[in-house]
Amino acid sequence: MRPVSDHKVLYQAIASCTKCNLAQLRVKAVLPEGNSRSGIMMIAQSPGEVENRTGRMFVGPSGKLFDELLDAAGVSRNDFYLTNLIKCMLPKSRRPSRTQWEACTPWLEEEIRIISPRVVVPLGFQALKFLLIRAGMPRPPRKEYRFLFGKFIQTNDYLVYPLRHPTALLFNPEKRKVMTGNYSKLKQIVGGSVSNSRDLYL
Ligand code: SF4
């Protein structure tokens, strides 16, 4: 584990970053939260409007749903290191442009280097896409990413456990049952009973 001072330097750099045009929309920098020593990293896409105003991760409607899913799984936010793929708010939660992606993902690379996670949990399509590219793994067509949620993917560096972003429940409440089932495996991940390729589903 790297010294905590590495985090501080990194967070200061992110908070003052102007590498892409999203800096113009930033009210408050949304820095990573949670437990940097848990070995489990969760990656969401980007801050929403409430997160941008408050500078906190997972507040507002998505935060409430996130907490409900964690509660049902018997885990808490402090069991994870929580971060975003893109550190500043995307207007109307649009997909990041290639320029924004290339400007911002080096921050996430640096976080992965510092945290050295044993398990990485991407929340949603964009974070999963980042991890597949990073691992040099084949990427399915866009419509088939949904089949990867709730499955384990072993990479050379860590286990990946993709989940739908909690916001999915705002638009598709009928997905609650399957999402609750997928999130429930977080309990095993936190307990350390799912951490290597013996548990591989793909
Ligand atoms: S989105 Fe990322 S690269 Fe762009 S200004 Fe914010 S921190 Fe910097």
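The following conversation goes through a predicted model and sets its values against the definitions behind them.

Trainee: What should I keep in mind about this model before we begin?

Mentor: Because the model is predicted, local features need pLDDT of at least 70 and side-chain atom pairs count only at pLDDT 80 or more, while totals for chains, interfaces and linings use all residues. Residues are numbered from 1 along each chain as its sequence is written, and side-chain values use heavy atoms, with hydrogens and water left out.

Trainee: How many cavities are there, and what makes a space a cavity?

Mentor: On a 1 Å grid over the protein atoms alone, a cavity is a set of points where a 1.4 Å probe fits but cannot get out. Points are joined across faces, edges and corners, and the volume is the space filled by probe spheres set on them. With 30 Å³ as the lower limit, the count is one cavity, and the largest cavity has a volume of about 100 Å³.

Trainee: Which residues are closest to the centre of the largest cavity?

Mentor: Lining residues have an atom within 4 Å of a grid point; there are 14 of them, and Cys17, Cys20, Cys88, Cys104 and Trp107 are the closest to the centre. Helix α4, residues 98–115, gives the largest share of the lining, three residues, where a helix is a DSSP run of H or I with at least four residues and a strand a run of E with at least two, numbered from the N terminus.

Trainee: What takes up the space of the largest cavity?

Mentor: The ligand does, the rule being that more than half of a molecule's atoms lie within 2 Å of the grid points. Residues around the ligand, each with a heavy atom within 4 Å of it, include Lys19, Leu22, Ala23, Arg26, Ile86, Lys87 and Ala103.

Trainee: How is the shell around the ligand divided by class?

Mentor: Ala, Val, Leu, Ile, Met, Phe, Trp, Tyr, Cys and Pro count as nonpolar, Asp, Glu, Lys and Arg as charged, and the others, Gly among them, as polar. By that scheme the shell has nine nonpolar, no polar and three charged residues, and the lining of the largest cavity has ten nonpolar, one polar and three charged.

Trainee: How many disulfides are counted?

Mentor: A disulfide is a pair of cysteine sulfur atoms within 2.5 Å, and by this rule the count is zero.

Trainee: Why is cysteine 20 called buried?

Mentor: Buried means under 20% relative accessible area, exposed over 50%, and partly exposed in between, computed with a 1.4 Å probe on protein chains only. Cysteine 20 has 18%, so it is buried, and cysteine 104, at 9%, is therefore buried as well.

Trainee: Phenylalanine 58 and serine 116 both have phi near 50°; is each of them buried or exposed?

Mentor: Phenylalanine 58, in the loop between α2 and α3, has 5% relative accessibility and is therefore buried. Serine 116, in the loop between α4 and β4, has 55% and so counts as exposed. Each phi is a positive value in a residue other than glycine.

Trainee: Why is arginine 146 called partly exposed?

Mentor: Its relative accessible area is 47%, so arginine 146 falls in the partly exposed class. Arginine 146 lies in the loop between α5 and β5, and its C-alpha is 8.9 Å from that of glycine 124, 22 residues apart in sequence.

Note on methods: 1 Å grid on protein atoms, 1.4 Å probe; cavity = no way out; pocket = protein on both sides within 12 Å on 5 of 7 lines; lining within 4 Å.
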